[in-house]
Amino acid sequence: MLQLLVTRPRAQADDWVSRLRAAGWAADALPLIGISGPADPEAVRAARDRLADFALVVFVSPNAVARFFDGVPARPWPAATLAGSPGPGTTLALRQSGVPAGAIVEPAADAEQFDSESLWLRLAERRSWADTQVLIVRGEDGRDWLARTLQAQGAQVRFVQAYRRQTPVWTEQERGLATRALEQPADHVWLLSSSEALDHLAVLLPGADWSASRAVATHPRIAERARRAGFGRVDEVRPGLQPLLQALPAM
């Protein structure tokens, strides 16, 4: 049976492993992105206290949600503030953090991709963004496409860095798992949900030959990055467990 390597940050990887195993697949967590707290917790606290000042607060990932609300008692979400989500994982995290479903704007369920571009299609339908205040909750950096698009519509966009991404420190067991995957590529599939994960993989296993290895990517940009890294086969699937489960038997 194929061994699936889930490379998401630890919390999300463990959840995916549990669900994949429940569906009958062999899976292990092998995080390729480490997550730590913000460099400036006070800036996060101040942004959290000012949510009502913003017409829209965009959370770029489940980690952005988790770190923004980390350790804070649940409080009512401002009635006039929308919460932007690029996909189902972030939406679930928002719901679990107490954001009402009616306040969340996300890509259409049948969107080709779950990303900023698909989110913008829904935001553009919602209202004019001229003369509005928008907050984007993210890591220390990220794609600025949505911010530039909102600014072009007349919005004033601010950022708050709710977490930091870094190369993870593998345990001895995780390094052994990665080594086996490299030595036995036909038996393993790398599940990739971030281009940055591939940069970290190059640091963790420098000079590795990936020409016989297989990967599954959740976005064309990630797939292209995996091909540039040398992966011999890269399949693209829509984000989410069900699209992955449907695609796996053909691998």
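**Figure 1. Crossing of helix 8 and helix 9 in the predicted model.** Helix 8 spans residues 195-204 and helix 9 spans residues 220-229; their axes come within 8 Å and cross at roughly 20°. Because angles under 35 degrees count as roughly parallel, helix 8 is roughly parallel to helix 9. The crossing in which helix 8 passes helix 9 is right-handed. On the helix 8 side, the contact is formed by Ser195, Leu198 and Asp199, and on the helix 9 side by Arg221, Ile222, Arg225, Ala226 and Ala229. Sorted by class, the residues of this contact comprise 4 nonpolar, 1 polar and 3 charged.

**Figure 2. Asp199 in helix 8.** Asp199 is part of helix 8 and belongs to the contact with helix 9. The relative accessibility of Asp199 is 36%, so this residue counts as partly exposed. Thr167 lies 32 residues from Asp199 along the chain, and the C-alpha atoms of the two residues are separated by 8.6 Å.

**Figure 3. Thr218 in the loop that precedes helix 9.** Thr218 is located between strand 11 (214-217) and helix 9. With a relative accessibility of 15%, Thr218 counts as buried, because the limit for a buried residue is under 20% relative accessible area. When residues up to four places away in sequence are not counted, Thr218 touches Gln113, Leu192, Ser193, Val237 and Pro239.

**Figure 4. Buried residues and the start of helix 5.** Helix 5 covers residues 116-126, and its residues Ser118, Leu119, Trp120 and Leu123 are buried. The elements that cover these buried residues include strand 4 (56-59), strand 5 (82-84), strand 6 (104-105) and helix 6 (145-152). At the start of helix 5, the backbone nitrogen of Glu117 has a side-chain oxygen of Asp115 within 3.3 Å.

**Figure 5. Crossing of helix 5 and helix 6.** The axes of these two helices come within 9 Å and cross at roughly 30°. Helix 5 and helix 6 are therefore roughly parallel to each other. Helix 5 passes helix 6 in a crossing that is right-handed. Helix 5 contributes Ser116, Glu117, Leu119, Trp120 and Leu123 to the contact, while helix 6 contributes Trp145, Leu146, Thr149 and Leu150. The class composition of this contact is 6 nonpolar, 2 polar and 1 charged residues. Among the residues of helix 5 in this contact are Leu119, Trp120 and Leu123, which are also buried.

**Figure 6. Backbone of Asp131 in the loop after helix 5.** Asp131 is situated in the loop between helix 5 and strand 7 (133-138). Although Asp131 is not a glycine, its phi is positive, at about 60°. Most residues other than glycine have a negative phi. The relative accessible area of Asp131 is 74%, and the residue is therefore exposed.

**Figure 7. Gly98 in the loop between helix 4 and strand 6.** Helix 4 (88-96) and strand 6 are the elements joined by the loop that holds Gly98. A relative accessible area of 43% makes Gly98 partly exposed. Gly98 and Thr7 are 91 residues apart along the chain, with a C-alpha separation of 27 Å.

**Figure 8. Surroundings of Leu5 in strand 1.** Leu5 is a residue of strand 1, which comprises residues 3-6. Its relative accessibility is 0%, so Leu5 counts as buried. With neighbours within four places in sequence left aside, Leu5 is in contact with Asp28, Leu30, Leu177, Ala181, His188, Val189, Trp190 and Leu191. Leu5 and Leu182 are separated by 177 residues in sequence and by 12 Å in space, C-alpha to C-alpha.

**Figure 9. Arg8 in the loop between strand 1 and helix 1.** Arg8 is placed in the loop that runs from strand 1 to helix 1 (10-22). Neighbours within four places in sequence aside, the contacts of Arg8 are with Ala13, Trp16, Pro31, Leu32 and Ser193. Ser193 is also one of the residues touched by Thr218. Arg8 and Ala208 are 200 residues apart along the chain, and 20 Å separates their C-alpha atoms.

Notes. Residues numbered from 1 in each chain as written. Predicted model: local features only at pLDDT ≥ 70, side-chain atom pairs only at ≥ 80, totals over all residues. Heavy atoms only, no water. Axes fitted to C-alpha atoms, helices over the stretch in contact; angles between N-to-C directions. Helix = DSSP H or I, 4+ residues; strand = E, 2+ residues; numbered from the N terminus. Parallel < 35°, antiparallel > 145°, perpendicular 65-115°, else oblique. Left-handed = near helix turned anticlockwise from the far one by under 90°. Contact = heavy atoms within 4.5 Å. Nonpolar A, V, L, I, M, F, W, Y, C, P; charged D, E, K, R; others polar. Buried < 20%, exposed > 50% of the residue type's maximum accessible area, 1.4 Å probe, protein only. Polar contact = N/O pair within 3.5 Å; in protein donor to acceptor, adjacent residues only side chain to side chain.
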